[in-house]
Structures are given as structure tokens and as C-alpha cells.
Amino acid sequence: MFDLKPPDAADKAALYADLHSAADALTRGESDAIANMANLSALLWQYLPDLNWAGFYRMVEGELVLGPFQGKAACIRIAVGKGVCGTAAAMRETQCVEDVHAFPGHIACDAASRSEVVVPVIHEGRVIAVLDLDSPLPARFDSEDVQGLEKLIAKIAPRLAEAG
Ligand code: SME
């Protein structure tokens, strides 16, 4: 059992420092990518306030396929280049969207979502997945969130790759 206690969410630097240690401890020595994505989704859901969806889409045969997540049931397949997730995968760059209604081609899985951040997971030069966080609040994610999430994903990416 993991009894994790996130620090005060108002102190984002402390929150992300703690999140990084918890994520490292939870995934260290575990090579199963799905298990690690499942635990990371749960961790992000627990640590970051004001989310209505947190999870992964995995790159499977050139298409993003729904992976482990927390939140409401979501669309299963997203083509590379489509929506916020597909754009992050195609551009290999984080997409931080303050207002999803203003993002051309945004795919509305949960009507409550107002803002979204998607970080591509790159391992050995390939996009192997994307991390997707949604919030019911407009402009929920700022540059500190983007930095914190990118750093987390850069460190954990090898543990999110299929073994062998
Ligand atoms: N909004 C995403 C789709 C995934 S859901 O938010 C879980 C997109 O536009 O790619």
C-alpha cells in the first residue's frame, strides 16, 4: 500500500518536487509500462487539484490508443495530428490549451473540460505515448505545470516503454 500525502497545492514548486519523488519511487524497478502508467495516472489525479481527467494514450501501430487513466470513460482511438493529443504527438511538443473550445479540432471526451495539457512521451527518439490532463477550469495549467510535467515525463519515459 502507498500512503502518499501531497503537500499544499498552492506551492507548485514543492508539489512538483514531491510528485517527482513519489513517481520515481512508485515506478523504480518496475518494467511493465501499463502498470507504471496506471500508477502515474492515480498519482497525478491525487496530487494535482482541479482535474477531471488524467491519463495516457499509447502509440499503437501509428495511432494513439486509450491507456490507463482516471476520470470518465474517454474516446479510444485518436489519429496522430487530430485533437490536442494527436497534435502533441505529431509536433512532438507539449500542447497547453487555455480554452479547449478555441482549439481547432479539439476532441471533447468530457463536456466538462475547459483547459488541457498534453505532454508527448518520447523514448529513444520515438513518441511512445502522450500524457493528457484535463481540467473543468479555464487556463488551469501554466508554465510551471508544463515544466513540472515535462520534467516528470522526461525522467519516467524509459519506464513507460514496453519492455523488450
Ligand atoms: N481532448 C483530447 C481527447 C482526449 S480526452 O480529453 C480524454 C484531444 O482533443 O485530443
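The largest pocket in this predicted model holds about 190 Å³ of space. Its lining is made up of M37, R58, M59, V60, H123, E124, R126, I128, L160, A161 and E162. Two elements each give two or more residues to this lining, namely β1 (53–60) and β6 (126–135). Strand β1 supplies the largest share, with 3 residues. By residue class, the lining of the largest pocket divides into 6 nonpolar, 4 charged and 1 polar.

Strand β1 also takes part in the aromatic contacts. The structure holds 2 aromatic pairs. In one of them, W53 and Y57 are stacked, with 5.9 Å from centre to centre and 25° between the planes. Both W53 and Y57 are buried. In another pair, W53 and F69 are stacked, at 5.0 Å centre to centre and with 15° between the planes. This pair links distant parts of the chain: W53 belongs to strand β1 and F69 to strand β2 (residues 63–71), and the two are 16 residues apart. W53, Y57 and F69 together form one aromatic cluster.

How do W53 and F69 fall between buried and exposed? W53 has a relative accessible area of 4%, and buried means under 20%, so W53 counts as buried. F69 has a relative accessible area of 26%. Buried requires a value under 20% and exposed a value over 50%, so F69 is classed as partly exposed. The stacked pair of W53 and F69 therefore joins a buried residue, W53, to a partly exposed one, F69.

The ligand is the next feature to follow. Which residues are closest to the ligand? Of the 13 residues that surround the ligand, the closest are V84, C85, I107, E116 and D134. Two of these, I107 and D134, can be followed down to particular atoms. A polar backbone atom of I107 lies 2.7 Å from a nitrogen atom of the ligand. For D134, the contact comes from the side chain, where a polar atom is 2.8 Å from an oxygen atom of the ligand. H106 also approaches the ligand through its side chain, with an N or O atom 3.3 Å from a nitrogen atom of the ligand. The ligand is thus contacted by a backbone atom in I107 and by side-chain atoms in D134 and H106.

Note on methods
Residues are numbered from 1 along each chain as its sequence is written. This is a predicted model: local features need pLDDT of at least 70, side-chain atom pairs count only at pLDDT 80 or more; totals for chains, interfaces and linings use all residues. Side-chain values use heavy atoms; hydrogens and water are left out. On a 1 Å grid over the protein atoms alone, a cavity is a set of points where a 1.4 Å probe fits but cannot get out, and a pocket is an open set with protein on both sides within 12 Å along at least five of seven lines; lining residues have an atom within 4 Å of a point. Grid points are joined across faces, edges and corners, and a volume is the space filled by probe spheres set on the points. Helices (H or I, at least four residues) and strands (E, at least two) are DSSP runs, numbered from the N terminus. Ala, Val, Leu, Ile, Met, Phe, Trp, Tyr, Cys and Pro count as nonpolar, Asp, Glu, Lys and Arg as charged, and the others, Gly among them, as polar. Rings of Phe, Tyr and Trp (its six-membered ring) pair if their centres lie within 6.5 Å; planes under 30 degrees apart count as stacked, over 60 as edge-to-face and the rest as tilted. Buried means under 20% relative accessible area, exposed over 50%, partly exposed in between (1.4 Å probe, protein chains only). A residue is near a molecule or strand if one of its heavy atoms lies within 4 Å of it. A polar contact is a pair of N or O atoms within 3.5 Å; within protein, one must be able to donate a hydrogen and the other to accept it, and residues adjacent in sequence count only if both atoms are side-chain atoms.
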